[in-house]
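Visitor: Please take me through one part of this model in close detail. I work with side-chain geometry, so keep the numbers in.

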Amino acid sequence: KAGRFQQRPNLFRVLIVAETGPLGRAFGSHPRGREFESLQVHQKSRSHGRYHGCGFLVYAKSRGGVMDISFAVGEAKFNYRVGAVMLNGDRLLAMRDERSPYFYLPGGRVKLGETAEQAVVREIQEELHVTAEIVRPLWLNQAFFKEATDGLRYHELCVYFLLDVSNTGLPSSGDRFCLTEGERCSFEWLSFERLKDEHFYPTFLKEAIFNLPETFTLRTELE
């Protein structure tokens with residue numbers, strides 16, 4: 001029922017307290033939830049949440065004036081993401097950054113007011129500097145897992161798209177190549193057969209890659 005926020009240079013501190021009901025009501029319908037959205041924070045920076053009565057604290061650094069759909073509460077975090085399935089024959093493009101001991105699909109968080117289609121094209125432009133064409137959506141995956149790098153429990157919704165990159169330079173870029181987007185990232189074309197032996201996420205794709213769905217499919221992943 002009450003809330004307040006303070007602003008410091010490039011840093012916003014927001015306290016949102018729900019009147020009743022679950023946290024989602026505080027964020028989605030409480031006036032302070034709307035005020036928080038108006039701050040236009042960017043969740044890619046470091047942010048931490050913790051319970052405070054029946055509300056929560058959020059710290060977020062602004063960047064670019066658009067908010068990622070992501071928030072942390074205590075030791076849990078919600079993400080709305082997109083993932084790109086890009087194929088070159090029987091190989092899948094995967095990436096790895098300096099913080100992660102595993103391969104994963106290119107992609108990232110969806111921004112407030114952005115469609116999933118817009119998000120996946122934007123992320124590929126940012127990460128790989130090419131414009132890919134969407135073939136079709138494959139899965140809406142709801143995943144529940146604990147991330148080893150930060151110790152948080154994640155509730156993540158991810159829309160996976162099949163993208164066509166045949167008209168870009170990616171298929172001829174070599175088996176492995178590096179690009180820098182804030183932090184150094186390496187990309188590698190992994191054969192479908194190799195996936196099962198690699199530390200790779202999402203794990204369901206190790207088998208699903210051999211039979212991609214023709215229609216948009218809902219699935220759940222529990223760890």
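Guide: Start at His-129, which is found in the loop between helix 3 (116-128) and strand 10. This is a predicted model. The phi angle of His-129 is near 60°, a positive value in a residue other than glycine. His-129 has a relative accessible area of 53%. Exposed means over 50%, so His-129 counts as exposed.

Now step back into helix 3, residues 116-128. Glu-123 and Arg-122 form a salt bridge there, with the closest N and O atoms 3.2 Å apart. Glu-123 counts as buried, at 1% relative accessibility. Arg-122 is buried too, at 15% relative accessibility. Salt bridges that share partners join Glu-114, Arg-122, Glu-123 and Glu-126 into one network.

Go the other way from His-129, into strand 10 (residues 133-146), and you reach Trp-139. Its aromatic partner is Phe-204. The ring centres are 5.0 Å apart and the planes meet at 85°. Planes over 60 degrees apart count as edge-to-face, so this pair is edge-to-face. Phe-204 lies in the loop between strand 14 (200-201) and helix 5 (205-208). The two residues are 65 apart, and the pair links distant parts of the chain. Trp-139 and Phe-204 are both buried.

Phe-204 has a second contact. Arg-219 lies over the face of the Phe-204 ring, at 3.8 Å from the ring centre. A comparable arrangement involves Arg-96: its charged end sits over the ring of Phe-103, 4.0 Å from the centre.

Stay with the loop that holds Phe-204. Pro-202 is found in that loop, between strand 14 and helix 5. The peptide bond from Tyr-201 to Pro-202 is cis, with omega near 5°. Tyr-201 also belongs to an aromatic cluster, together with Tyr-102 and Tyr-104.

Another aromatic pair involves Phe-192 and Phe-210. Their ring centres are 5.8 Å apart and their planes stand at 85°, so this pair is edge-to-face. Phe-192 lies in helix 4 (residues 192-195), and Phe-210 in the loop between helix 5 and strand 15 (217-222). The pair therefore ties together parts that are 18 residues apart in sequence. Phe-192 counts as buried, at 13% relative accessibility. Phe-210 counts as partly exposed, at 48%. The count of aromatic pairs comes to nine.

Helix 4 spans residues 192-195, and Arg-194 forms a salt bridge with Glu-198. The closest N and O atoms of that bridge are 2.7 Å apart. Arg-194 counts as partly exposed, at 28% relative accessibility.

One more bridge completes the tour. The side chains of Glu-156 and Arg-81 meet in a salt bridge, at 3.9 Å from N to O. The cut-off is 4 Å, so the pair counts as a salt bridge. Glu-156 lies in strand 11 (residues 153-164) and Arg-81 in strand 6 (residues 76-88), so the bridge ties together parts that are 75 residues apart in sequence. Glu-156 is buried, with a relative accessible area of 12%. The structure holds 11 salt bridges.

Notes
Residues are numbered from 1 along each chain as its sequence is written. This is a predicted model: local features need pLDDT of at least 70, side-chain atom pairs count only at pLDDT 80 or more; totals for chains, interfaces and linings use all residues. Side-chain values use heavy atoms; hydrogens and water are left out. Helices (H or I, at least four residues) and strands (E, at least two) are DSSP runs, numbered from the N terminus. Buried means under 20% relative accessible area, exposed over 50%, partly exposed in between (1.4 Å probe, protein chains only). Rings of Phe, Tyr and Trp (its six-membered ring) pair if their centres lie within 6.5 Å; planes under 30 degrees apart count as stacked, over 60 as edge-to-face and the rest as tilted. A charge sits over a ring if NZ of Lys or CZ of Arg is within 6 Å of the ring centre and within 35 degrees of the ring normal.
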